[in-house]
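Visitor: I would like to go through this model and hear the reason behind each label.

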Amino acid sequence: MSERHFDIWAAGDAYERYMGRWSRRVADEFVRWLGCPPEARWLDIGCGSGALTSTVAVRCRPRALLGVERSAGFAATARAAAPPPARVAVADAQALPVRDAVFDAAVSGLVLNFLPDPGVALAEAVRVVRPGGVVAAYVWDYGEDMGFLRHFWAAATTVDPSAAAHDEGRRFPLCRPSALQLLWAGAGLTEVTVVPVEIPTVFADFDDLWTPFLSGQGPAPGYVAALAPDLRERLRRTLRERVPTGADGTIELTARAWAVRGRKPGASEA
């Protein structure tokens, strides 16, 4: 079973149950940190189900806002959710159908590590931003502080040692501060800054944590979908034993993302 085989992102509603509820919280914190210049033109690259697009539309009062997403299913979900002036188009992050230097800010949430060549996508983002504009993104800290996934993969490797090959913490070395800093600086961006963004992830009970892993959307749910029923049940029991559960049944964990931003040099800086 290949790693890419598990990277299934097609159904926006299923993603919402698995990761969308947390991605919206991160989007809110990210936009708060990034700041909202008035009347700006924004591009959201790989907008998924529209969490970041919707947040920019509500918080930043943009003059223009375009979300691009390769999956038609996700684009439809984003289109239905994002308020005006947001528009959503089906397009590849690595070949944006946009003229040079037309946006004030290009942003991307939780997608860079899934792209075949993040550097190409970043170069495209730099291309479409005006001199002096901002290019920013965020990715989950898969390797260290994505609580429910760390518990999931620890449980998975307990019942199936081969699961370690599919762990996002192993697969995505980009999702670290030093790697993001190097990528942004290598793209010619200046004033590069990387910061952590942490959110609580509170599950009402174990079913609230486990059921989204049956959605088939993303690496961990894709891995679960490929398991034989008996192994899947062993994984469920092992995960249940691992996670810290309160007296009322709630499971309180945290999730961290790394956010990075940089500025495209102006004509006098190039």
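**Reasons behind the labels**

Guide: The model is predicted. On the other side of helix H10, away from its buried residues, Pro229, Asp230 and Glu241 are exposed.

Visitor: Which residues of H10 are buried, and what makes them line one face of the helix?

Guide: The buried residues of H10 are Leu231, Leu235, Thr238 and Leu239. Seen down the axis of H10, they fall within an arc of 100 degrees, so they line one face. Their cover includes H5, helix H8 (206-210) and helix H9 (219-225).

Visitor: How do you know that the length of H10 agrees with what a helix should span?

Guide: H10 runs over residues 229-242, which is 14 residues. At 1.5 Å a residue, the expected span is 20 Å, and the end C-alpha atoms are 20 Å apart, so the two agree.

Visitor: What does that test give for H5?

Guide: Helix H5 has 13 residues, 147-159, and should span 18 Å at 1.5 Å a residue. Its end C-alpha atoms are 19 Å apart, which agrees. The buried residues of H5 include Phe148, Leu149, Phe152 and Trp153.

Visitor: Why is the pair of cysteine 36 and cysteine 60 called a disulfide?

Guide: The cut-off for two cysteine sulfur atoms is within 2.5 Å. The sulfur atoms of cysteine 36 and cysteine 60 are 2.1 Å apart, so the pair counts as a disulfide. Cysteine 36 is in the loop between helix H1 (12-34) and E1, while cysteine 60 is in helix H2 (residues 51-60). The two are 24 residues apart, and the pair links distant parts of the chain. The count by this rule is 1 disulfide.

Visitor: Are the two partners buried or exposed, and what makes them so?

Guide: Buried means under 20% relative accessible area, and exposed means over 50%. Cysteine 36 has 32%, so it is partly exposed. Cysteine 60 has 3%, so it is buried.

Visitor: Why is no bond assigned to cysteine 47?

Guide: The closest cysteine sulfur to that of cysteine 47 belongs to cysteine 60 and is 15 Å away, which is too far for a bond. Cysteine 47 is buried, with 7% relative accessibility.

Visitor: Why is none assigned to cysteine 175?

Guide: For the sulfur of cysteine 175, the closest cysteine sulfur is in cysteine 47, at 19 Å, again too far for a bond. Cysteine 175 is also buried, at 2% relative accessibility.

Visitor: Why are E3 and E6 said to stand at the edges of the sheet?

Guide: The sheet is open and has 7 strands in the order E3-E2-E1-E4-E5-E7-E6, with mixed pairing. Strand E3 (86-90) and strand E6 (190-203) each have a single partner strand, so one side of each is left without a neighbour in the sheet. Neighbouring strands are turned by 20 degrees against each other on average, direction ignored.

Visitor: How do you know that E4 and E5 pair, and that E1 and E2 pair?

Guide: Pairing needs at least two bridges. Strand E4 (residues 103-109) and strand E5 (residues 129-140) are joined by 6 bridges and run parallel, so they pair. Alanine 106 has valine 135 in E5 as its bridge partner. E1 and strand E2 (residues 64-69) also run parallel and are joined by 5 bridges, so they pair too. Isoleucine 45 stands opposite valine 68 in E2.

Visitor: What makes E1 mostly covered, and which helix lies across it?

Guide: In E1, 4 of its 5 residues are buried. Helix H4 (residues 118-128) lies across strand E1 (41-45), E4 and E5, running at about 145 degrees to E5.

Visitor: Why do the loop residues serine 71 and glycine 50 count as buried?

Guide: Serine 71, in the loop between E2 and helix H3 (72-81), has 12% relative accessibility and so counts as buried. Glycine 50, in the loop between E1 and H2, is at 1% and so counts as buried.

Visitor: What is notable about the phi of arginine 61 and of alanine 101?

Guide: Phi is near 45 degrees in arginine 61, a positive value in a residue other than glycine. Arginine 61 sits in the loop between H2 and E2 and is exposed, with a relative accessible area of 67%. Alanine 101 has a positive phi near 55 degrees and is likewise not a glycine. At 36% relative accessibility, alanine 101 counts as partly exposed.

Key
Residues numbered from 1 in each chain as written. Predicted model: local features only at pLDDT ≥ 70, side-chain atom pairs only at ≥ 80, totals over all residues. Heavy atoms only, no water. Axes fitted to C-alpha atoms, helices over the stretch in contact; angles between N-to-C directions. Contact = heavy atoms within 4.5 Å. Expected span 1.5 Å × (residues − 1). Buried < 20%, exposed > 50% of the residue type's maximum accessible area, 1.4 Å probe, protein only. Arc of directions from axis to C-beta.
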